[in-house]
Amino acid sequence: MRCSECYITDDTRQVDILLTDSRKLTSASRSLFFAIPTARNTGFRYVVELYDKGVRNFIVSNNLTLEEREVLQTIKDANVWMVPDVVRALQQLAEEHRAKYDIPIIGITGSNGKTIVKDWLYQMLSVDRRVVISPRSYNSQIGVPLSVWQLSGSAELGVFETGISLPGEMDKLRRVINPTIGIFTNIGQAHDENFLSTSHKIAEKLQLFLNADTLIYCSDYQEIHSAILRAEGLRNVKRFTWGHSPDDMLRVCSQELVNGHTIIHISYQGQETAVSIPFVDRASTENALHCIATMLYLGYDLSTVVHRSANLTPIEMRLEMKEGTHNCLLINDGYSLDLNSLSIALEVLANDTTHTKHTLILSDMVQTGMFETDLYEEVAQLLKLRKVDCLVGIGDALCRNKHLFDVPKSYFYIDTDEFLKKHALSRFNNETVLIKGARVFRFEHIVKMLQRKTHETIMEVDLNALVNNLNYYRSRINSTTKMMAMVKASSYGAGTVEVANVLQYNNVDYLTVAYSDEGVELRRGGVSLPIMVMNPEESSFQDIIQYNLEPDIYSFRIFELFASAASLFVKGGKKIPIHIELDTGMHRLGFGYQDLNELSARLSEKDCPLRVQSIFSHLACSEDPAMDDFTRTQIDRFRKWSTELKKSLKDDSVCCHILNSSGITRFPEAQMDMVRLGIGLYGISPEPDVQRHLLSVSKVKTRVSQVKDIPKGDSVGYNRRWIAQCDSRIAIIPIGYADGLSRILGNGVGKVFINGHQAPIIGSICMDMCFVDVTGISCAEGTEVVIFGDAKQLVNLADLAGTISYEVLTSVSPRVKRVYYRE
């Protein structure tokens with residue numbers, strides 16, 4: 001690690017925690033903070049804050065401003081290293097750490113499936129080995145070194161994933177991981193714009209394996225196979241291929257779907273066998289075969305591989321947020337357990353503001369390699385740091401070490417069965433419960449006991465996708481431009497408080513709701529960000545003032561009514577923040593140009609209890625290139641009107657904003673002080689070049705209730721709207737118009753997705769269920785049915801219903817349970 005300047009006050013300090021996010025501080029004395037500069041921010045902003053919390057070791061850029069160097073002089077007893085590249089310093093430190101371990105290290109790259117392959121390998125290998133894996137999807141230039149840093153003396157095998165978006169990145173990550181075994185999953189279109197061709201992207205990814213002993217991949221991907229054969233740097237790397245060719249070491253003979261499982265017939269070293277996996281989609285089959293090939297390469301016998309493949313579990317089992325009984329929120333992370341994953345899960349628990357009481361249900365940690373007392377002392381410290389209110393410990397080791405835990409309430413049980421028999425369900429009430437355990441403890445039974453019983457139609461909300469979309473739009477605006485996020489209509493159906501808490505954690509500047517009751521819900525849910533109310537009603541003024549909400553003032557009537565209310569509730573010269581809406585052409589709400597003089601006069605009155613926080617307007621058609629002239633007219637009007645109003649108010653701090661989601665990407669010159677992010681935040685954009693960067697936040701799915709064979713000529717549903725034209729097979733699914741499925745989609749108009757196939761909705765849609773034609777599609781009772789998942793499916797469903805994606809999302813009924821996922 002090349003250091004241009006150092007300020008060392010104590011060279012005896014030892015650190016074992018590499019910190020890149022100030023919000024994730026756990027132990028100040030053991031942390032080394034990397035102040036990473038980014039396009040929109042700089043980690044140096046948090047140095048003083050962390051110093052005040054006890055951190056005494058910092059790596060910062062040597063390209064500091066004079067002001068930042070003066071800040072360093074105030075830190076008297078800290079160790080500070082100044083380096084040309086902070087991220088590279090992090091990687092070099094991880095490289096030195098990796099060099100200490102002479103164990104098998106598996107490096108995984110590819111366009112898709114990396115995280116699932118990594119996690120499934122952990123499921124299959126951790127039964128008899130101490131395995132270290134990347135947390136979640138830590139596969140970036142920062143995530144990879146943090147992952148490798150987890151290696152310790154007890155580790156017997158490491159599994160790390162890598163992802164790149166630019167040429168030259170993999171060379172740095174190869175030196176960090178230095179894998180002995182490589183897995184190349186597949187190649188797709190992600191980040192194509194940054195590479196000359198698909199061959200170029202494959203060649204860049206192959207850099208990971210230059211020093212590997214063996215590379216595992218599917219030879220059916222001809223572009224990958226050919227590139228590996230051509231690569232000079234891979235001449236000494238052995239190939240372990242799987243696929244449908246007779247030349248593959250692991251040959252796939254055939255596949256069949258049986259009762260929700262895929263049966264894969266394989267041949268290996270002259271032996272043929274059948275492997276059953278509990279999935280039916282093609283991607284899962286491919287991911288499982290990568291894991292099967294890896295286990296065979298590592299020397300496991302076929303019977304072990306068959307047994308462990310049959311027990312694979314969905315990765316969705318990690319960090320699911322579900323509604324529990326007695327008004328509880330469940331955070332289910334019952335997939336794996338180590339100190340690092342516990343620390344991450346406890347951070348999620350600590351940041352949840354749904355309830356003030358936080359409970360942890362924790363199992364013993366297995367195969368950590370640490371002395372038992374040392375391990376649980378560290379666990380106890382984590383619980384104390386994150387202020388856990390109640391601990392339920394399950395396992396022999398936790399029972400032996402229960403004296404170490406200083407929490408207000410605690411309960412300990414020998415095993416999961418004892419907990420289920422003896423711990424009263426009524427003890428869980430109005431609290432957030434983190435369920436964190438190793439798989440061998442079968443915590444899924446605890447989740448089943450605590451989960452609120454609802455019908456099988458759910459909306460999955462991917463909070464990681466939400467953050468991805470937020471960061472994409474942030475990358476499109478200036479570093480000084482603020483971000484206002486729209487969370488009205490229950491965050492476009494995704495759930496108001498849950499989404500708002502994630503946005504607050506990720507430092508958005510403002511939230512916007514439609515009505516005051518939505519804002520009150522956010523305040524009660526612990527959200528402290530400024531909140532604009534777009535449709536303030538006279539009956540809500542007291543709540544607006546009491547809960548520190550900020551109304552949109554769009555007419556003189558609303559102005560006078562709210563000013564009168566503010567005068568009654570606010571004393572001592574305090575002024576209530578408001579937002580002034582101007583009508584520049586949409587003609588929905590807002591003041592016109594002719595109103596500005598009178599509006600300015602009223603706002604400037606000495607006894608006016610209102611203070612203008614922002615001035616804004618709505619674009620009518622920013623997404624439509626055919627209307628760009630009108631959009632520019634609106635922007636020009638707004639610039640002129642807002643400038644005049646600000647000048648008359650004599651307040652330069654007033655914020656101006658007009659851009660919505662499409663405006664952010666299509667009219668960047670009009671960013672002004674703030675932008676308003678709406679539908680784009682939830683993964684939808686009419687622009688193809690933007691859409692490919694976004695991830696779908698919401699997915700609605702259900703399960704087949706019953707399958708029936710219908711003879712030719714028989715009818716289905718009310719009024720016999722569908723008559724079988726041939727012998728047919730139908731499935732009944734538990735979603736209807738009361739759940740938000742439009743009746744327009746019946747009678748063959750709409751389609752759902754079952755095992756990757758489109759199944760038309762037939763007959764009339766009922767209140768609580770509907771029928772789909774599954775003739776020729778393999779399915780059974782309990783088979784998953786996707787109503788919409790990705791953006792293409794959502795937009796297509798909206799088009800078929802004669803509406804827009806906004807309406808489809810916001811129409812999903814509250815009785816459809818929301819299940820939240822996050823890292």
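Five bridges join strand E17, residues 358-363, to strand E20, and the two run parallel. Across this pairing, Ile 361 stands opposite Ile 435 in E20. The model described here is a predicted one.

**Strand E20 and its neighbours**

E20 also pairs with strand E16, residues 329-333, in the parallel sense and over five bridges. In that pairing Leu 330 stands opposite Val 433 of E20. E20 itself, residues 432-436, is mostly covered, with five of its five residues buried. Thr 432, Leu 434 and Lys 436 point one way from the strand, while Val 433 and Ile 435 point the other way, and all are buried.

**Two open sheets**

One sheet is open and consists of nine strands in the order E7-E8-E6-E9-E10-E11-E12-E13-E14, with mixed pairing. Strand E7 (131-133) and strand E14 (271-277) stand at its edges with a single partner strand each, so one side of each has no neighbour in the sheet. From one strand to the next the twist averages 20 degrees. At the E7 edge, E7 and strand E8, residues 157-161, pair in the parallel sense over three bridges. Val 131 stands opposite Leu 157 in E8.

Another open sheet has eight strands, ordered E28-E27-E26-E25-E24-E23-E22-E29, and its pairing is parallel. Its edges are strand E28 (655-657) and strand E29 (674-677); each has a single partner strand, so one side of each is left without a neighbour in the sheet. Here the twist averages 30 degrees from one strand to the next. E22 and E29 run parallel and are joined by four bridges. Met 484 has Arg 676 in E29 as its bridge partner.

The strand pairings described above are set out below.

| Strand pair | Sense | Bridges |
|---|---|---|
| E7 and E8 | parallel | three bridges |
| E22 and E29 | parallel | four bridges |
| E16 and E20 | parallel | five bridges |
| E17 and E20 | parallel | five bridges |

**Helix H18**

Helix H18 spans residues 496-505, and nine of its 10 residues are buried, so the helix is largely enclosed by the rest of the structure. The buried residues are Thr 496, Val 497, Val 499, Ala 500, Asn 501, Val 502, Leu 503, Gln 504 and Tyr 505. What do the buried residues of H18 pack against? Their partners include four helices: H11 (339-351), H16 (463-475), H17 (488-492) and H19 (516-524). They also pack against strand E22 (482-486) and strand E23 (510-513). E22 and E23 both belong to the eight-strand sheet. Just after H18, Asn 507 takes a positive phi of about 65 degrees.

**Cavities and a pocket**

A search of the whole structure finds four cavities of 30 Å³ or more. The largest cavity has a volume of about 100 Å³. Which element gives the largest share of its lining? That share, four residues, comes from H18. The residues that line the largest cavity include Glu 498, Asn 501, Val 502 and Tyr 505. Also in the lining are Met 321, Asn 351, Asp 352, Thr 354, Leu 463 and Arg 822. Asn 501, Val 502 and Tyr 505 are also among the buried residues of H18.

The second largest pocket holds about 810 Å³ of space. It is lined by 33 residues, and those closest to its centre are Tyr 492, Glu 623, Asn 660, Ile 679 and Tyr 806. At least two lining residues each come from H17, helix H24 (661-666), E29, helix H26 (791-800) and helix H27 (805-810). The largest share of this lining, four residues, is supplied by H27. One of the contributors, E29, is an edge strand of the eight-strand sheet.

**Cysteines**

A disulfide is a covalent bond between the sulfur atoms of two cysteines. With a cut-off of 2.5 Å between sulfur atoms, the count comes to zero disulfides. For Cys 656 the closest cysteine sulfur, in Cys 655, is 6.7 Å away, which is too far for a bond. Cys 766 is likewise in no disulfide, as the nearest cysteine sulfur, that of Cys 770, lies 7.8 Å away. Are Cys 656 and Cys 766 buried or exposed? Cys 656 counts as buried at 5% relative accessibility, and Cys 766 is buried with a relative accessible area of 12%.

Terms used: Residues are numbered from 1 along each chain as its sequence is written. This is a predicted model: local features need pLDDT of at least 70, side-chain atom pairs count only at pLDDT 80 or more; totals for chains, interfaces and linings use all residues. Side-chain values use heavy atoms; hydrogens and water are left out. Two strands pair if DSSP finds at least two bridges between them. Axes are lines fitted to C-alpha atoms, for helices over the stretch in contact, and angles run from 0 to 180 degrees between N-to-C directions. Buried means under 20% relative accessible area, exposed over 50%, partly exposed in between (1.4 Å probe, protein chains only). Contact means heavy atoms within 4.5 Å. On a 1 Å grid over the protein atoms alone, a cavity is a set of points where a 1.4 Å probe fits but cannot get out, and a pocket is an open set with protein on both sides within 12 Å along at least five of seven lines; lining residues have an atom within 4 Å of a point. Grid points are joined across faces, edges and corners, and a volume is the space filled by probe spheres set on the points.
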